[in-house]
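The following exercises guide the reader through one protein chain. Each task is followed by a solution in steps.

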Amino acid sequence: MSRANLIGIILLAIGMSCSQPESPTITESSPPGASHEGSAFVFDKIRDDVYLARGTGSLAVGCNTTVIVNEADIMLVDSHISPAAIWVLMDELKSITDKPIKYVMNTHFHFAHANGNQMLPEGIEIIGHEYTREMIATGHSKS
């Protein structure tokens with residue numbers, strides 16, 4: 001097989017694995033930076049109730065997220081790098097479940113994992129270590 005054919009097959013396989021539902025409708029209420037082409041996330045099923053949400057590259061997301069689908073709700077692990085990233089994730093979650101997000105666990109205070117907190121709707125409980133909360137509350141989530 002020629003190198004060109006091999007590269008073509010690899011590119012085709014990558015394109016096929018990235019096909020996902022269309023991106024959300026960007027409106028005036030969308031956060032800055034939410035505009036993107038195609039899906040921003042791929043949901044890799046780990047088991048029936050656990051998914052890894054990883055970025056496709058069409059939107060800066062900053063980290064991966066674990067999605068735990070409970071009986072009545074969802075728990076996310078980390079809220080991403082920006083309001084735009086979590087906003088798009090919340091929209092694209094509809095492709096795997098219609099359950100509401102109830103909990104978000106911040107693994108640590110770095111902005112790439114917690115900067116989406118500000119976009120979470122009322123009623124979502126943010127869980128994290130007290131040190132993580134202190135670092136975010138005092139503005140140390142920039143690094």
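**Exercise 1. The strands around β4**

In β5, Met105 is the bridge partner of Val77. The model under study is predicted.

Task: Determine in which sense β4 pairs with β5 and with β3.

Solution. Step 1: β4 and β5 run parallel and are joined by 4 bridges. The chain passes from β4 through α2 to β5, and this β-α-β crossover is right-handed.

Step 2: With β3, β4 pairs in the antiparallel sense, also over 4 bridges. The two strands form a hairpin with 4 residues between them. Two opposed pairs can be located here: Ile68 stands opposite Met75 in β4, and Thr66 stands opposite Val77 in β4.

Step 3: On to the next strand, β2 is joined to β3 by 4 bridges, and these two strands run antiparallel. Leu52 stands opposite Thr66 in β3.

**Exercise 2. Two faces of a strand**

Task: For β3 and β4, establish which side chains point to each face and whether they are buried or not.

Solution. Step 1: Along β3 the side chains alternate. Thr65, Val67 and Val69 point to one face and are buried, whereas Thr66 and Ile68 point to the other and are not.

Step 2: In β4, Ile74 and Leu76 point one way, and Met75 and Val77 point the other way. All four of these β4 residues are buried.

**Exercise 3. The helix and the core**

Task: State how many residues of helix α2 are buried, and what covers them.

Solution. Step 1: Helix α2 spans residues 83–92, and 8 of its 10 residues are buried. Among them are Trp87, Leu89 and Glu92.

Step 2: The cover over these buried residues includes β1 (41–47), β2 (50–55), β3 (65–69), β4 (74–77) and β5 (101–105).

Step 3: The largest nonpolar core has 24 residues, of which Phe41, Phe43, Val67, Leu76, Leu89, Leu93 and Ile101 touch the most other members. The elements giving two or more residues to this core are β1, β2, β3, β4, α2 and β5. Its largest share, 7 residues, comes from α2.

Step 4: Leu93 illustrates these contacts. Leaving aside residues up to four places away in sequence, Leu93 touches Phe43, Val67, Ile74, Leu76 and Ile101. In soluble globular proteins, nonpolar side chains tend to be buried together.

**Exercise 4. The loop between β4 and α2**

Task: Explain why Asp78 and Ser79 count as buried.

Solution. Step 1: Asp78 has its place in the loop between β4 and α2, and Ser79 lies in that loop as well.

Step 2: The cut-off for a buried residue is under 20% relative accessible area. Asp78 is buried because its relative accessible area is 4%. Ser79 counts as buried because its relative accessibility is 0%.

Step 3: The side chain of Ser79 makes a polar contact with the side chain of Asn117, at 2.6 Å. Asp78 has a positive phi of about 80°, although it is not a glycine. Most residues other than glycine have a negative phi.

**Exercise 5. Confidence in the model**

Task: Identify which element of the chain has the lowest mean pLDDT and which the highest.

Solution. Step 1: The chain averages a pLDDT of 76, and 74% of the residues score at least 70.

Step 2: Among the elements, helix α1 (residues 3–17) has the lowest mean, 45, and β1 the highest, 93. Over residues 4–24 the pLDDT is below 50, and beyond near neighbours in sequence this stretch has 15 contacts in the model.

Step 3: Where pLDDT is low, the predicted coordinates should not be read in detail.

Terms used. Residues are numbered from 1 along each chain as its sequence is written. Side-chain values use heavy atoms; hydrogens and water are left out. Buried means under 20% relative accessible area, exposed over 50%, partly exposed in between (1.4 Å probe, protein chains only). Contact means heavy atoms within 4.5 Å. pLDDT is the predictor's confidence in each residue, from 0 to 100. A polar contact is a pair of N or O atoms within 3.5 Å; within protein, one must be able to donate a hydrogen and the other to accept it, and residues adjacent in sequence count only if both atoms are side-chain atoms. A nonpolar core is a set of buried Ala, Val, Leu, Ile, Met, Phe, Trp, Tyr and Cys residues joined through side-chain atoms within 4.5 Å. Two strands pair if DSSP finds at least two bridges between them. A crossover is right-handed if, with the strands pointing away from the viewer, the path from the first strand over the helix to the second runs clockwise.
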